Amino acid sequence: MRRQRNRTKLSMEDIEFRTTLLRSLKNCLEAADKCSEILKKSNETLDLILGNQLEIKHTRTEITNIIQTPDSRPEERKNQVNDLKCEEAKNTQPEKQNEKRIQKCEDSVRSLWDSFKRTNIRIIGVPEDERDQDIENLFEEIMTENFPHLVKEMDLQVQEARRTPNKRNPKRTTPRHIIIKMPRAKDKERILKTARGRNSVTYKGVPIRLSADFSTETLQARREWQEIFKVMNTKNLQPRLLYPAKLSFRIEGQIKSFTDKEKLKEFITTKPGLYEMLKGIL
């Protein structure tokens with residue numbers, strides 16, 4: 001009986017122990033789960049912090065690069081503009097090539113026409129009368145009246161003499177010009193040089209003018225130099241209009257020549273005195 005009671009008693013103690021152990025184990029498991037959950041949340045928070053730190057680091061690196069290279073964005077924009085210009089140039093290149101070809105053809109025609117007229121003398125201001133059919137003798141009379149020494153020294157020959165335009169215009173108030181074609185360009189140059197040295201050239205007492213004969217385009221280009229020519233002449237710069245439309249003058253002991261106003265404009269920026277003289281004209 002006593003042994004049976006002891007066994008029963010031990011069994012009750014064993015049950016209580018096991019119950020306590022199971023309860024403790026359960027509490028440990030629950031605590032472990034809570035720790036695991038806390039650890040998981042901590043890891044997530046840590047990952048978020050690390051991610052934010054990485055993003056901040058990248059942002060800081062970009063800001064540092066921008067600060068260290070302040071011209072990077074303007075350079076990028078400049079490159080983009082250059083790319084657009086290149087693209088535009090590609091699109092306009094055929095058009096510009098056509099314009100250049102046209103300009104080249106026009107310059108060639110102008111040069112050819114000027115070359116054809118290079119031995120011509122243009123006489124301006126001779127009244128029109130019944131002697132239009134005898135212009136060669138009229139030219140000889142002009143030469144004899146104004147340059148008798150040249151008539152004696154030169155073998156005065158005329159290849160062609162005519163009024164231009166060929167037909168008389170009743171509405172025209174000024175006489176048509178006379179074109180004299182000489183056999184040699186040097187004869188024409190000698191006559192014009194002598195004419196430039198005289199105060200006036202006349203025909204039967206009426207003032208006339210002798211000049212070289214050029215194409216319409218070259219005549220216009222020469223007219224554009226006239227105002228500059230007059231100013232330079234008053235300042236004793238010895239200006240000259242060279243063939244076909246080149247301005248020449250002497251400055252600081254040197255002779256300078258220019259074919260267009262843009263090149264002259266660039267030159268006078270280096271010469272203050274000349275700049276002040278021409279700034280209202282160019």
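In this short talk I will go through the sheet of this predicted model, then a few of its charged residues and the contacts they make.

Let me begin with the sheet, since several of the later residues are easier to place once you have it in view. What is the order of the strands in the open sheet? Reading across, the five strands run S2-S3-S1-S5-S4, and the pairing is antiparallel. The edges are formed by S2 and by S4, which covers 201-203, and each of these strands pairs on one side only. From one strand to the next, the twist averages 30°.

If you now look at the S4 end of the sheet, you will find that S4 pairs with S5, residues 206-212, in the antiparallel sense and over three bridges. Within that pairing, Tyr203 has Val206 in S5 as its bridge partner. Helix H5 packs on the sheet, where it touches S1, S4 and S5, and its direction makes about 135° with that of S5.

Staying with this region, please find Glu145, which lies in helix H3, residues 135-146. Which residues does Glu145 touch, if we leave out those up to four places away in sequence? The answer is Thr202, Tyr203, Lys204 and Gly205, and you may remember Tyr203 from the bridge with Val206 a moment ago. The C-alpha atoms of Glu145 and Val201 are 8.8 Å apart, although 56 residues separate the two along the chain. With a relative accessible area of 35%, Glu145 is partly exposed.

Let us move to the other edge of the sheet, to strand S2, residues 160-164, where we find Arg163. Is Arg163 buried or exposed? Its relative accessible area is 6%, and because anything under 20% counts as buried, Arg163 is a buried residue. Its side chain reaches the backbone oxygen of Val126 at 3.0 Å, and a polar atom of the same Arg163 side chain lies 2.6 Å from the backbone oxygen of Arg176.

Arg176 deserves a closer look on its own account, for its side chain meets that of Glu128 in a salt bridge, at 3.0 Å from N to O. Why does this pair tie together separate parts of the chain? Arg176 sits in the loop between S2 and strand S3, whereas Glu128 sits in the loop between strand S1 and H3, so the salt bridge joins parts that are 48 residues apart in sequence. Arg176 is buried, at 5% relative accessibility, while Glu128, at 21%, is partly exposed.

How many salt bridges does a search of the whole structure find? It finds 10, and I will mention a few others. One of them brings together the side chains of Glu153 and Arg190, at 2.2 Å from N to O. This pair also links distant parts of the chain, since Glu153 belongs to helix H4, residues 148-153, and Arg190 to helix H5, residues 185-196, with their positions 37 residues apart. Here Glu153 counts as exposed, at 52%, and Arg190 as partly exposed, at 37%.

Another salt bridge joins the side chains of Glu276 and Lys279, at 3.0 Å from N to O. Glu276 is partly exposed at 48% relative accessibility, and Lys279 is partly exposed at 46%. Finally, there is a network in which Lys117, Arg122 and Asp213 are joined by salt bridges that share partners.

Conventions. Residues are numbered from 1 along each chain as its sequence is written. This is a predicted model: local features need pLDDT of at least 70, side-chain atom pairs count only at pLDDT 80 or more; totals for chains, interfaces and linings use all residues. Side-chain values use heavy atoms; hydrogens and water are left out. Helices (H or I, at least four residues) and strands (E, at least two) are DSSP runs, numbered from the N terminus. Buried means under 20% relative accessible area, exposed over 50%, partly exposed in between (1.4 Å probe, protein chains only). Contact means heavy atoms within 4.5 Å. A polar contact is a pair of N or O atoms within 3.5 Å; within protein, one must be able to donate a hydrogen and the other to accept it, and residues adjacent in sequence count only if both atoms are side-chain atoms. A salt bridge is a side-chain nitrogen of Lys or Arg within 4 Å of a carboxyl oxygen of Asp or Glu. Two strands pair if DSSP finds at least two bridges between them. Axes are lines fitted to C-alpha atoms, for helices over the stretch in contact, and angles run from 0 to 180 degrees between N-to-C directions.
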